[in-house]
Amino acid sequence: MHAIEKILARGSGQTIVRTGEIVTAKVDFAEINDLYLQTIYSFREIGATHVWDPGRAAFVFDHYSPCPTIRTASNHREMRDFAKEQGLKYHFDVNAGVCHQVMPEAGLIYPGMIVVATDSHTTTQGAFGALGTGCGATDMACILATGELWFRVPEIIEIRLDGPAQPGVFPKDVALNVLGRVKADGAVYKAIEFTGSYVESLDVPGRMTICNMAVEMGAKTAYMQPNQAVLDYVSERAVRPFDVVASDPDFRFDESYLFRVDQMEPVLACPHQVDNIQPLAELARQDIRVDQGYIGSCTNGRVEDLAAAARVLKGRKIAPYTRLIVVPASAEVMQEAMRQGYIQILMEAGATITTPGCAACLGTHEGILGPGEVCITSTNRNFKGRMGSNEASLYLGSPAAVAASLLEGRIADPRPYLSREVK
């Protein structure tokens, strides 16, 4: 069996599970973000009165942090009341950050676990060798009541990433290169395991970026076998004992793709599809104006992402009449970026720093676009209306690509800036 199948087998009390089988498995941790007040209503509608384990569920207020409207403030109040009523051990309010970042920071994510959240980008937790997936309000209400959820054992695709990345090629570029070939519907309700020498040598933030983008291929979940970087990170934080699950040597994938990372170039996802991938160097020659840059989100809002942008921006200024919005993924990220001096560099270059959280990634507040505006962003989706007006255009890229583009006021390649950093 594959490691994902072993995790589902263990969670459902079986020795073997097979592709296509429906199993009911115990959930190790459940997370509800502030878009899903309906979870509480559904919980009560099904007759539940108590969360099955107050130490294994939490709210994360990340999509509206802090609240931009009276309605969202009211939602937060109801969620806080529920959390207090149920005695939930963990609670992440508007000062915490994005759920996919704050849960690992709090030690709630570890290898071999099943984590379910009301957010599709829960695939991010595959970076730690966990089975992470998203669900809706009714399914989450059932988890809160019983601690269990049904799963269809998915087909598993291998995406093998071999070779070292060239300078200026970041994990976001790797993920977008993969998307350009596998496409947005290439893994619908399937699992993706990322393998290969690139993955084995990748740090925790890079692994999280790539697993985060797996859902943009339709994946139910993503998986990477934990490497030493993951074990070092988790061992310092995990709130529960864990063991690393490994696939059997004779496991056969449903499909396999091979990518040579050492032959990849920086790319962007162009309007208005995540799999509309074009080489950044070609786009840079087309004089495409940008009005806003955006660095943040559960995809690319970590310290390493802010550091990459700071390398490009240090000692330089963004172009007149543009704005650069920077949203650290969590309070921990923001504090570390301050200690490292990255926030100072970004602000001196002209960036606006906002509260850790999702911010304008989903078009609710803190950086919404107007009609006709063009934004280059390190987030994960570029559909029409995703970040504001339906008449705005979004390009997805690495934080370095965002930074370089804001320096020139048009789509730009970061590699020349990275090769001649201002010391």
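**Exercise 1. Ser-12: buried or exposed?**

*Solution.* Ser-12 has a relative accessibility of 17%, so Ser-12 counts as buried. The cut-off behind this step is that buried means under 20% relative accessible area. Keep in mind that you are looking at a predicted model.

Next, find its place: Ser-12 sits in the loop between α1 (3-11) and β1 (22-26). Then look at its surroundings. Leaving out residues up to four places away in sequence, Ser-12 touches Val-17, Val-23, Thr-24 and Ala-25. Finally, a polar atom of the Ser-12 side chain lies 2.7 Å from the backbone oxygen of Leu-8.

**Exercise 2. Find out how β1 and β6 run, and which residue stands opposite Val-23.**

*Solution.* Start with the pairing: β1 and β6 run antiparallel and are joined by 5 bridges. Now go to Val-23, a residue that Ser-12 touches. Opposite Val-23 stands Phe-151 in β6.

Then turn to the two faces of β6 (residues 148-152). Leu-149 and Phe-151 make up the covered face, while Glu-148, Trp-150 and Arg-152 make up the uncovered one.

**Exercise 3. In what order do the 4 strands of the open sheet come?**

*Solution.* The order is β3-β2-β4-β5, with parallel pairing. At the edges are β3 and β5, each of which pairs on one side only. On average, neighbouring strands of this sheet are turned by 20 degrees against each other, direction ignored.

Let us zoom in on one pair. The parallel strands β4 and β5 are joined by 4 bridges, and Val-115 stands opposite Gly-132 in β5. To finish, add a helix: α5 (residues 137-146) lies across β2 (29-33), β3 and β4, and runs at about 135 degrees to β2.

**Exercise 4. Locate Thr-122 and list its contacts beyond four places in sequence.**

*Solution.* Thr-122 is in the loop between β4 (114-117) and β5 (131-134). Its relative accessibility is 0%, so Thr-122 counts as buried. Setting aside neighbours within four places in sequence, Thr-122 is in contact with His-100, Val-115, Ala-117, Gly-132, Thr-133 and Gly-134. Among these contacts you will recognise Val-115 and Gly-132, which stand opposite each other.

**Exercise 5. Which backbone oxygen atoms lie 3.2 Å and 3.4 Å from a polar atom of the side chain of Ser-65?**

*Solution.* First place the residue: Ser-65 lies in the loop between β3 (57-60) and α3 (70-86). With 1% relative accessibility, Ser-65 counts as buried.

Now take the distances one by one. At 3.2 Å is the backbone oxygen of Asp-62, and at 3.4 Å is the backbone oxygen of Pro-356. Pro-356 also appears among the residues that Ser-65 touches, not counting those up to four places away in sequence: Val-94, Thr-355, Pro-356, Gly-357, His-365 and Glu-366.

For contrast, try Asp-203. Ser-65 and Asp-203 are 138 residues apart in sequence, and their C-alpha atoms are 28 Å apart in space.

**Exercise 6. Check the span of helix α6 and work out how many of its 12 residues are buried.**

*Solution.* Helix α6 covers residues 171-182, and at 1.5 Å a residue its 12 residues should span 16 Å. The end C-alpha atoms are 16 Å apart, which agrees.

Next comes burial. In α6, 9 of the 12 residues are buried, so the helix is largely enclosed by the rest of the structure. The buried residues are Pro-171, Lys-172, Asp-173, Val-174, Ala-175, Leu-176, Val-178, Leu-179 and Val-182. One last step along the chain: just after α6, Lys-183 takes a positive phi of about 75 degrees.

Terms used:
Residues numbered from 1 in each chain as written. Predicted model: local features only at pLDDT ≥ 70, side-chain atom pairs only at ≥ 80, totals over all residues. Heavy atoms only, no water. Buried < 20%, exposed > 50% of the residue type's maximum accessible area, 1.4 Å probe, protein only. Contact = heavy atoms within 4.5 Å. Polar contact = N/O pair within 3.5 Å; in protein donor to acceptor, adjacent residues only side chain to side chain. Expected span 1.5 Å × (residues − 1). Pairing = 2+ DSSP bridges. Axes fitted to C-alpha atoms, helices over the stretch in contact; angles between N-to-C directions.
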